[in-house]
Amino acid sequence: MTTEQPVPTLTRAEESAMTTTTDDTLAVVLPDAGEEARRRMRRRSSIRSVFKHTGLIALSIVMIYPLIWLVVSSFKPNNEIFTDLGIFTTDLTVDNYVHGWTAQQLPFTVFLGNSTILVVGAIIGNLVSCSLAAYAFARLRFWGRNAYFAIMLGTIMLPFHVVLVPQFVIFRELGWLETFLPLIVPKLLATDAFFIFLMVQFIRGIPKEIFEAARIDGAGHARIFGQITLPLMVPALATTTIFTFIWTWGDFFGPLIYLRTRENFPVSVALKGFIDAQSSSNYGAMFAMSVVSLIPLFLAFLIGQKYLVKGIATTGIK
Amino acid sequence: MSSIGELRKIAIRPRRTAGAARGRARNPDNKAGYLFLAPWLIGLIVFTVGPMLASLYLAFTDYNLLQPPEWSGFDNIVQMFGDARLWNSLRVTLTYVFVSVPLQLALALAVAMLLDRGMRGLAFYRSVFYLPSLLGGSVAIAILWRQVFGKEGIVNGFLAWFGIEGPGWISHPDYALATIIILHVWTFGSPMVIFLAGLRQIPEMYYEAAQMDGAGKVRRFFAITFPLLTPIIFFNLVLQIIFAFQSFTQAYIVSGGTGGPSDSTMFFTLYLYKEAFTELNMGYASAMAWFLLLIIAAFTLLNFWLSKYWVFYDD
């Protein structure tokens, strides 16, 4: 926490919620209690702590078991997945991955590639467009700013269904069906207002003096944005990148509507093929490719956990 | 400060009095402001405001994409009133929203309160509880859910230990929706992280003072923790309800794209999708979309109105 830029949107208390302290004293120190009472207190709180940890570990197992079962089953022979529901087995094979890779007519490499293109496009779009808008909202004074800001917040809560049909018609008229453009171009125009809000919160926390000093030195807004604001808001950009990655990778509805030929499918839509009636017997392959589709999300979680936690703690949206 | 909090701040901000400084002095960055805002403004007009107005128009038309839209007056709205499938989908959605959201938030709050400051294993627990909420929206997890709650899945494997033979939860109209609700509750990790951050902001001295006055655990929760946490609970509630109304992927995948068995998982959004993209009733789907917007807006307003009675702001 000490090596990076301060995170102004979080309080110190929230910071400490993210870093782990190794201090595990649970005993309450009473000001005037005798030695005996203190010892009894400590024993009671240690019993309580045992109970608590038992409960939390049980809950952890319930939470994680389905995921472990998924991974283990993906390495089991197809006929054993449901006959032996345990996760301890020695009979492991990679056959499911070999078969699953080509089970949807095209190799999974194609779907992974499509998902990657969508993700990269969405990340670039969100980073560029949302940071520009956020700088305007957080640092510039112009006519109608508060009204625009309220509208921007409102669009976060707007159900996208009210724009669904006309958007589809627009993209159809443009001849963009079966291309990635309907899923990327809106991001270039900052339609993911959530990230604007996240960045506004961050920029507001950067000390004003920095911007004033730059002004006095004669820097224009383009320079203040490019050379001062952007470098200082790297943590917010990282949060945006990771969230965009996770959401775009998992997005199902958009690709379902706009991409209807197999060679354009991202991973999410390709996986759907496994539950369509004709191929529903190959559970092993289905599990294997589900695991493949989750690996990038899991890696994003491992690498970016800090930024993810910050992002949701700051804005209150998952 | 949350987005909800920001909106509240804007709403209660005192209006500037007439005759206050106007023009250049108050808005020195007009040109730069609009330049920086240009992509968002264009996006707002082209992809939000324009389409909203267009779908409002389409709601009063008959439109199948192939022929130009034909004005049909209130036909779609009249049809909606008599559409039993639509009311069923609304009932399914309302059940989903008002069972899964409170359950998820209650679990998130309970677990957050168990995770004491600086306790052993805090980082481990937080990661384990948070991970499902990152994966929960994906197709892969919905596919997994079909198997977990399938006839031969691990839930029934577990029940078999106790000699209970469970049904095929996914294929039973009485239980299919419950599995999707459980999937939502399973993702309690992200509100939990928000609650954790909120709990850490409550000054320790409040608890010390209460303890000195002899307040017990329960009393301390209702007198300190809960009131100070109500703004956070409130914005979680508002946003989770709004988002839960729009759930789609899980119902689609768990039911194999059908909303079945016997429409028991036919969410409003799933029905809307079918009307729009399999039946090509784009006019009717637009009318449904506006109906959804009005329902969500009504519940959001109701939520804000009710907040007067239980949300505590110390400003």
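Helix pairs whose axes make an angle over 145 degrees are classed here as roughly antiparallel. In this predicted model, the axes of helix α6 (residues 161-173) of chain A and helix α14 of chain B cross at roughly 155 degrees and come within 7 Å. The two helices, α6(A) and α14(B), are therefore roughly antiparallel to each other. On the chain A side, the residues that meet α14(B) are H161(A), V162(A), L164(A) and V165(A). Their partners in α14(B) are M282(B), A285(B), S286(B), A289(B), W290(B), L292(B) and L293(B). By class, this contact between α6(A) and α14(B) comprises nine nonpolar and two polar residues, with no charged residue.

Helix α14(B), which covers residues 282-310, also packs against helix α2 (residues 30-58) of chain B. The angle between α2(B) and α14(B) is about 115 degrees, and their axes lie 7 Å apart. The crossing of this pair is left-handed. From α2(B), the contact draws on S55(B), L56(B) and L58(B), while α14(B) contributes M282(B), G283(B), S286(B), A289(B) and W290(B). Five of the residues in the contact of α2(B) with α14(B) are nonpolar and three are polar, and none is charged. M282(B), S286(B), A289(B) and W290(B) of α14(B) thus appear in the contact with α2(B) and are also met by residues of α6(A).

The contact between the chains as a whole involves 78 residues of chain A and 85 residues of chain B. On the side of chain A that touches chain B, the largest share, twelve residues, is supplied by helix α14 (residues 283-315) of chain A. This side of chain A consists by class of 51 nonpolar, 19 polar and eight charged residues.

The secondary structure of chain A comprises 14 helices and zero strands, and its pattern along the sequence is α-α-α-α-α-α-α-α-α-α-α-α-α-α. Chain B has 14 helices and two strands. Of the 318 residues in chain A, 42% are buried; for the 315 residues of chain B the figure is 43%. Among contacts between residues at least 6 apart in sequence, those joining residues at least 24 apart account for 76% in chain A and 71% in chain B. The C-alpha trace of chain B spans about 80 × 75 × 35 Å along its principal axes.

The largest nonpolar core has 165 residues, of which A133(A), A134(A), I196(A), M199(A) and F195(B) touch the most other members. Helix α4 (residues 108-139) of chain A provides the largest share of this core, 15 residues. With neighbours within four places in sequence left aside, I196(A) is in contact with C130(A), A133(A), A134(A), F137(A), M152(A) and A190(A), and with W40(B) of the other chain. C130(A) also serves as a reference point for G154(A): the two residues are 24 apart along the chain, and their C-alpha atoms are separated by 16 Å. G154(A) lies in helix α5 (residues 145-157) of chain A. Because G154(A) has 13 C-beta neighbours inside 10 Å, this glycine counts as partly exposed.

In chain B, helix α13 (residues 268-277) is mostly covered, with eight of its ten residues buried. These buried residues are F268(B), T269(B), L270(B), Y271(B), L272(B), Y273(B), E275(B) and A276(B). The buried residues of α13(B) pack against α6 of chain A, and within chain B against α4 (84-114), α12 (249-254) and α14. Helices α6(A) and α14(B), described above as a roughly antiparallel pair, are thus both among the elements packed against by the buried residues of α13(B).

Y271(B) is one of the residues of helix α13 of chain B. With 22 other C-beta atoms within 10 Å, Y271(B) is buried. Residues up to four places away in sequence not being counted, Y271(B) touches R85(B), L86(B), S89(B), G259(B) and M266(B). The C-alpha atoms of Y271(B) and Q250(B) are separated by 14 Å, and the two residues are 21 apart along the chain.

How values were computed. Residues are numbered from 1 along each chain as its sequence is written. Chains are lettered from A and ligands numbered from 1 in the order in which they are written. This is a predicted model: local features need pLDDT of at least 70, side-chain atom pairs count only at pLDDT 80 or more; totals for chains, interfaces and linings use all residues. Axes are lines fitted to C-alpha atoms, for helices over the stretch in contact, and angles run from 0 to 180 degrees between N-to-C directions. Helices (H or I, at least four residues) and strands (E, at least two) are DSSP runs, numbered from the N terminus. A crossing is left-handed if the near helix is turned anticlockwise from the far one by less than a right angle, and right-handed if clockwise. Two residues are in contact if their C-beta atoms, placed from the backbone, lie within 7 Å. Ala, Val, Leu, Ile, Met, Phe, Trp, Tyr, Cys and Pro count as nonpolar, Asp, Glu, Lys and Arg as charged, and the others, Gly among them, as polar. Angles under 35 degrees count as roughly parallel, over 145 as roughly antiparallel, 65 to 115 as roughly perpendicular and the rest as oblique. A residue is buried if 20 or more other C-beta atoms lie within 10 Å of its own, exposed if 12 or fewer, and partly exposed in between; C-beta atoms are placed from the backbone. A nonpolar core is a set of buried Ala, Val, Leu, Ile, Met, Phe, Trp, Tyr and Cys residues joined through C-beta atoms within 7 Å.
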